[in-house]
Amino acid sequence: MYVQHTDEVPQTLPTPASSGHEPTTVERGSFCTARCSCGWSGPARRSRDRARTDAAEHSAAP
């Protein structure tokens with residue numbers, strides 16, 4: 001089980017209203033993964049910033 005500290009919670013990324021995607025990041029241990037409401041999941045990253053970039057790239061994709 002992991003605990004997500006409030007200072008580690010990233011700011012919500014702006015997403016286009018028409019895309020239907022709501023990407024978030026989830027932390028498990030020392031890894032962070034980008035996930036989306038559509039079922040997409042990015043690779044586990046040690047860099048939270050890179051996981052947020054994965055989420056932003058996914059929400060921008062057609």
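This report describes the fold, the accessible surface and the salt bridges of one predicted protein model.

## Overall architecture

The model is predicted, and its protein chain contains one helix and two strands. Read from the N terminus, these elements follow the order β-β-α. Strand E1 covers residues 24-28, and helix H1 covers residues 48-60.

Among contacts in the protein chain with a separation of 6 or more, 23% are between residues 24 or more positions apart.

## Burial and surface

The protein chain has 62 residues, of which 24% count as buried. Its exposed area is about 4,500 Å². Carbon and sulfur atoms supply 51% of that area.

## The salt bridge between helix and strand

Side chains of opposite charge can pair when their charged atoms come close. The whole structure holds four salt bridges. One of them joins the side chains of arginine 48 and glutamate 27, with an N to O distance of 3.0 Å. This pair connects distant parts of the chain, since arginine 48 belongs to helix H1 and glutamate 27 to strand E1, 21 residues apart.

The two partners fall into separate accessibility classes. Arginine 48 has a relative accessible area of 33% and is therefore partly exposed. Glutamate 27, with a relative accessible area of 4%, is buried because this value lies under the 20% limit.

## The salt-bridge network around arginine 50

Arginine 50 takes part in a salt bridge with aspartate 54, where the closest N and O atoms are 3.4 Å apart. Both residues lie in helix H1, and because they are four residues apart, about one helical turn separates them. Arginine 50 is partly exposed at 32% relative accessibility, whereas aspartate 54 is buried at 6%.

Arginine 50 also forms a salt bridge with glutamate 57, and here the closest N and O atoms are 3.7 Å apart. Glutamate 57 is partly exposed, its relative accessible area being 45%. Through salt bridges with shared partners, Arg45, Arg50, Asp54 and Glu57 are joined into one network.

## Summary of the charged pairs

Two arrangements can be set side by side. The bridge from arginine 48 to glutamate 27 links helix H1 with strand E1, while the bridge from arginine 50 to aspartate 54 lies within helix H1. In each of these two pairs the arginine is partly exposed and the acidic partner is buried. In the bridge between arginine 50 and glutamate 57, the acidic residue is instead partly exposed.

Notes: Residues numbered from 1 in each chain as written. Predicted model: local features only at pLDDT ≥ 70, side-chain atom pairs only at ≥ 80, totals over all residues. Heavy atoms only, no water. Buried < 20%, exposed > 50% of the residue type's maximum accessible area, 1.4 Å probe, protein only. Contact = heavy atoms within 4.5 Å. Areas by Shrake-Rupley, 256 points an atom, 1.4 Å probe, with all protein chains shown as cover.
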